[in-house]
Amino acid sequence: MPSRSSTPALLALSLGYFSLGTISLAVVGLNGPIGDDLHVAPARVGFLVTVFALTFALFAPAAPILLRRWNRKRVLLLGIGLLTVGAALGALAPNYGFLAVTRVVGAMGAAVFGPGASAAGSLIVPPERRQRALATVFAGMTAAAVLGVPLASFLGGSLGWRPAMLGVAALSALGCLLVAVYVPEIPSGEPPTIKAYRDTLRTPAALSTVSTTLLFMAAQFTVYGIAGAYLKDRFDASSGLISVTLLAFGVIGVLGNASSPRIAEKLGGSRTITIAVAGLAAGFVLLLVAPHSEPGLVLFAIWAFFSQMYQAPQQARLVDLLPTQPGLILAMNAAALYLGMSLGSFIGSALLPGMGAGPIPAVALVILAVAALAHASSARKVPVAEQPATAPVPSS
């Protein structure tokens, strides 16, 4: 477990990640109220998720270069500050265009904070505790899917979408305060440059490892990105059953994230990723053969364990791969993560009307097979990266 002295800082970073995840996905739960108030179609409201994801993916790699002279704590505060401002202004949006602009502002803050939080979490603990520290930090993102989005949906239905967004902004502001109080000053380390990016891409296994993240997330969101429509079409699930299934999915995902450090400590990061990929593949196969009835919903929820045991060991592998530039490599990974989410959601949404829900997991399996090849390539190139306990403590 992380040391007691580092625990408050890790929890503050985790709360920031919770705010990030909730703000990025809150419009999913607030789709109806936003559409009714601003007089736009549900599809246009849904596009606000894509706006956030693409802005994040484009800005995350640029942020470390633009902010290279700032220490890590200032970077974190800027990121979560922009995230808070974006959410607060979104609650006051007079029209759809203004709301879209606030999503860009919030996504820029998320692109600064997310990779910075992971890098900070990895640097304030000894190397042997890195897996658990990263799992603690990223647990906020996992919990956002379990609690944040349903809570935003509930508040939107009972109080209206604007108070719900203000509530999320207040939560983000609390995270900003806790980061300011509990996260220590962390030197910026070696300033990243465009040349550093080129050198990173030439680092053995860097490109294949980041590509694994993109493909893994694309495979997952080919199914999960259309979860509501998929469950209704595939299992004829009612809205109540869909909500319960997604809640169970989130809870099981939290367990997967919490279990990943122990598994990685015993088996190594590469083998843990292999298990995650294999488990996700098994989940998709089970969905293909599941009965068209309520018991099939259980099979949908189970693969959440493997989908969420991926992130912490993969981030730890990347930090070990490039210990002098953890923020840079994690920013590239975060960009790949959000690109994968966007790509998978687009593929699922495009295919669902024509082919129906039944074959969708087969498409996800094809994408996941390519992810498995990318991961095998990364594991082959840098086996030494699987020994975090013996890695030197980064000087930054």
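Is E265 buried, exposed or partly exposed? Hello everyone, let me start with that one. E265 has a relative accessible area of 39%, so it counts as partly exposed. Please keep in mind that what we have on the screen is a predicted model.

I picked E265 because its relative accessible area of 39% puts it in the partly exposed class, while its salt-bridge partner falls elsewhere. The side chains of E265 and R132 come together in a salt bridge, with 2.8 Å from N to O. R132 sits in helix α7 and E265 in helix α12, so you are looking at a link between distant parts of the chain, 133 residues apart. And R132 counts as buried, because its relative accessibility is 15% and the cut-off for buried is under 20%.

How many salt bridges does the structure hold? There are three, so let's walk through the other two.

Next up is D37 with R162. Their closest N and O atoms are 2.9 Å apart, and the two form a salt bridge. Here too distant parts of the chain are linked: D37 belongs to helix α2 and R162 to helix α8, which covers residues 161-182, and the two are 125 residues apart. As for the surroundings, D37 is partly exposed at a relative accessible area of 34%, and R162 is also partly exposed, at 26%.

Then we come to R130 and D320. This salt bridge has its closest N and O atoms 2.5 Å apart. R130 is in helix α7, residues 130-158, and D320 is in helix α16, so the pair ties together parts that lie 190 residues apart in sequence. Both R130 and D320 are buried.

That brings me to helix α16 itself. Why can we call α16 largely enclosed by the rest of the structure? Because eleven of its eleven residues, 311-321, are buried. If you click along the helix, the buried residues include Q311, Q314, Q315 and R317, as well as D320. A312, P313, A316, L318, V319 and L321 are buried too.

Now for the loops, and a little backbone geometry. Where does H39 lie? You will find H39 in the loop between α2 (31-38) and α3 (42-59). H39 is not a glycine, and yet its phi is positive, at about 60°. With a relative accessible area of 73%, H39 is exposed.

D236 is another one to look at. Its phi is near 55°, again a positive value in a residue other than glycine. D236 is in the loop between α11 (227-235) and α12 (239-267), and at a relative accessible area of 67% D236 is exposed.

My last stop is E185, in the loop between α8 and α9 (194-202). E185 is exposed, its relative accessible area being 54%. Which residues does E185 contact, once we leave aside its neighbours within four places in sequence? Those are N71 and K73. With N71 there is a polar contact between the side chains, at 3.1 Å. Finally, take E185 and G225, which are 40 residues apart along the chain: their C-alpha atoms are separated by 38 Å.

That's my tour. Thanks for listening, and I'm happy to go back to any of these on the screen.

Technical notes
Residues numbered from 1 in each chain as written. Predicted model: local features only at pLDDT ≥ 70, side-chain atom pairs only at ≥ 80, totals over all residues. Heavy atoms only, no water. Helix = DSSP H or I, 4+ residues; strand = E, 2+ residues; numbered from the N terminus. Buried < 20%, exposed > 50% of the residue type's maximum accessible area, 1.4 Å probe, protein only. Salt bridge = Lys/Arg side-chain N within 4 Å of Asp/Glu carboxyl O. Contact = heavy atoms within 4.5 Å. Polar contact = N/O pair within 3.5 Å; in protein donor to acceptor, adjacent residues only side chain to side chain.
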